[in-house]
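New to this one? Have a look at the sequence and the fold first, and then let's walk through a few spots together.

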Amino acid sequence: MRQPVITTSRLELHHIPVDGLISLYEDKSDLLAIAGRGFTNPHQNLVTESGPLRWRVPQVKVDPATNKWFVRFIVLRESGEVIGSTSFHGVPDEAGMMEIGIGIEEQFWNNGYAKEALLGMWRWVCNEPGVKVLRYTVSPTNTPSVKIIEGYGFTYLGQQIDEEDGPENIYEMSTEDFMKKWGSDHE
């Protein structure tokens, strides 16, 4: 089942249905993911580089209901083009924690799109039952992402070693605190 579009001031975050997600990964085709949706994917986001799909597709094959939390295309409303994607890493864990990942096409960097997309996703998930904690992990050398998460006021909890990405800073904030600071009336 496709989830509602999340809108921000400049972006639309379009959920990708299960069949579209699988086709993106296995067929390297976005036809099912974007068919009849009123936007285009000229930069072939998630087609040329699969990003989170290698983790998300096996998860949805086991349990299609988990797709609710997964991949959304980040669409620039003005042009109707996909400029990136974002996805939570899974369903809320036993503590109600949700971790998110995001990727913006390089030609769209330094325009605040990642910050805006994260805001939309976090506002949405903060209103979902059982979600209590937002988590963001990032390489300490990824200065733009570190600035975004620190700008939102997330608490630095320390570092972990990711098998693929190496050292990552761990940041968290409760959904309650996030909505107090960044609820719908705060842009």
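Below is a short tour of the core, two helices, a threonine and a glycine in this predicted model.

## The nonpolar core

Let's start in the middle. The largest nonpolar core has 51 residues. Those with the most contacts inside it are Phe73, Phe88, Trp122, Val125, Phe154 and Phe178. Helix α4, residues 113-126, supplies the largest share of this core, with 10 residues. As a rule of thumb, nonpolar side chains in soluble globular proteins tend to be buried together.

Phe178 is a handy one to click on. Setting aside neighbours within four places in sequence, Phe178 is in contact with Leu119, Trp122, Arg123, Cys126, Leu134, Tyr152, Phe154, Met173 and Gly183.

## Helix α6: two sides

Phe178 is also one of the buried residues of helix α6 (residues 175-182), along with Thr175 and Trp182. These buried residues cover an arc of only 60° around the axis, so they sit on the same side of α6. That fits the geometry: an α-helix has 3.6 residues a turn, so residues three or four places apart point the same way.

What do the buried residues of α6 pack against? Their partners are α4, β6 (133-138), α5 (143-151) and β8 (166-174). Turn the helix around and you'll find the exposed residues Glu176 and Lys180, on the face of α6 turned away from its buried side.

## Helix α3: another buried face

Now hop over to helix α3, residues 53-62, where Leu53, Arg56, Val57 and Val60 are the buried residues. Looking down the axis of α3, you'd see them fall within an arc of 100°, so they line one face of the helix. The cover over these buried residues includes α1 (18-26) and β4 (81-88).

## Thr86, tucked into a strand

Strand β4 is also where you'll find Thr86. Is Thr86 buried or exposed? Thr86 is buried, with a relative accessible area of 1%.

A polar atom of the Thr86 side chain lies 2.8 Å from the backbone oxygen of Gly101. Not counting residues up to four places away in sequence, Thr86 touches Phe70, Val71, Arg72, Ile74, Ile100, Gly101, Ile102 and Met121.

## Gly112, out on a loop

Last stop: Gly112, in the loop between β5 (97-104) and α4. Gly112 is partly exposed, with a relative accessible area of 38%. Along the chain, Gly112 and Gln3 are 109 residues apart, and their C-alpha atoms are separated by 24 Å.

Methods. Residues are numbered from 1 along each chain as its sequence is written. This is a predicted model: local features need pLDDT of at least 70, side-chain atom pairs count only at pLDDT 80 or more; totals for chains, interfaces and linings use all residues. Side-chain values use heavy atoms; hydrogens and water are left out. A nonpolar core is a set of buried Ala, Val, Leu, Ile, Met, Phe, Trp, Tyr and Cys residues joined through side-chain atoms within 4.5 Å. Buried means under 20% relative accessible area, exposed over 50%, partly exposed in between (1.4 Å probe, protein chains only). Helices (H or I, at least four residues) and strands (E, at least two) are DSSP runs, numbered from the N terminus. Contact means heavy atoms within 4.5 Å. The arc is that of the directions from the helix axis to the C-beta atoms. A polar contact is a pair of N or O atoms within 3.5 Å; within protein, one must be able to donate a hydrogen and the other to accept it, and residues adjacent in sequence count only if both atoms are side-chain atoms.
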